[in-house]
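Visitor: Could you walk me through this one? I'd like to begin with the ligand and then move on to the aromatic residues.

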Amino acid sequence: MGKKKDLQLMPTRVFIVTGSSRGIGLATTLALLEAADTVVVGVSRGAAAAAVASHGRYEHVTGSVTDEATQRAAVAAAAAREGTAGRIGGVVFNAGVVQPIARLDGVDVGRLRALLDVNVVSAVGLAQKAAAHAGATARFVFVSSGAAVAPYRGWGAYCASKAALNMVVRVLALELPHVVSVAVRPGVVDTDMQAALRLAENRDAMGQDNLDYFTALHADAKLLSPDLPAKAIARLVLNAPKELSGEFINWNDPRLESL
Ligand SMILES: NC(=O)c1ccc[n+]([C@@H]2O[C@H](COP(=O)([O-])OP(=O)(O)OC[C@H]3O[C@@H](n4cnc5c(N)ncnc54)[C@H](OP(=O)(O)O)[C@@H]3O)[C@@H](O)[C@H]2O)c1
């Protein structure tokens, strides 16, 4: 009885994870829920993943991250959790899309705009709303990509979005001194996004060499399990120190081992 009361009084750290329905976002949600005092509010267009749907410390907000009402709903759900005093511990900005895979000289600009909305604009919108509820040690972790700093044929929209996201992080680090903001490169990870890249229909845009490279990574079992970058992302959003604010960090950076 006494023990139950102690648990109820324990302060809770609440985190928002976008794109929590599968892939890296789901793995990050599971990694965060390993701690006893954490609550995760997940956001995706689809329903909550079965692995967390009935977890007592998981709450799902269904909607697109591009929708400001969804962003507000996620922040309100997090701030309303008992034991948080209305303060959010951190946000993992993970939701992302790679389509359209198309050359920049032929890309449909409407689809380009839609990608930038998901990968960049929505992150700024959610960051604005979450910042108002950020606790004293809040952390914003933005899931970026090696494509932020390396050009790939056919991925111009995606590369540009991740480069922009890295700069968003650098500016937020200056403008929000009460929040630690970091961008993370998760490596090449075995998710639906990688499966979408390997489709033969991408050959013209990506080139046969790139298509062969990503197909071989999968065939040779060289893709990372989502659990690996997820553990790094969870460590960052739980514990990233002020010194890392503004940085673009690899999932396997040795500085994360001690967090
Ligand atoms: N896999 C890789 O090799 C790799 C490498 C570098 C970076 N990344 C980055 O890692 C992040 C996660 O990618 P992943 O590989 O795990 O991809 P994934 O398996 O395709 O999962 C993407 C997640 O984002 C959600 N999502 C997409 N659009 C959304 C929207 N408009 N609103 C809300 N949620 C949305 C999806 O849920 P719903 O469809 O249910 O909405 C899903 O949960 C992305 O930012 C990606 O760019 C991945």
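Visitor: Which of the 30 residues around the ligand come nearest?

Guide: S21, R22, R45, Y158 and T191 come nearest, where a residue counts as around the ligand if one of its heavy atoms lies within 4 Å of it. Please bear in mind that this is a predicted model, in which local features need pLDDT of at least 70, side-chain atom pairs count only at pLDDT 80 or more, and totals for chains, interfaces and linings use all residues. Residues are numbered from 1 along each chain as its sequence is written, and side-chain values use heavy atoms, with hydrogens and water left out.

Visitor: What do the side chains of R22 and Y158 have close to the ligand's oxygen atoms?

Guide: A polar side-chain atom of R22 lies 2.6 Å from an oxygen atom of the ligand, and a side-chain N or O atom of Y158 is 2.5 Å from a ligand oxygen; a polar contact is a pair of N or O atoms within 3.5 Å.

Visitor: OK, aromatics now. Which residues form one cluster with Y158?

Guide: Y152, W155, Y213 and F214 join Y158 in one aromatic cluster, where rings of Phe, Tyr and Trp (its six-membered ring) pair if their centres lie within 6.5 Å, and planes under 30 degrees apart count as stacked, over 60 as edge-to-face and the rest as tilted.

Visitor: And is W155 buried or exposed?

Guide: W155 is buried, at 6% relative accessibility, whereas Y152 is partly exposed at 28%; buried means under 20% relative accessible area, exposed over 50% and partly exposed in between, with a 1.4 Å probe and protein chains only.

Notes. Polar contact = N/O pair within 3.5 Å; in protein donor to acceptor, adjacent residues only side chain to side chain.
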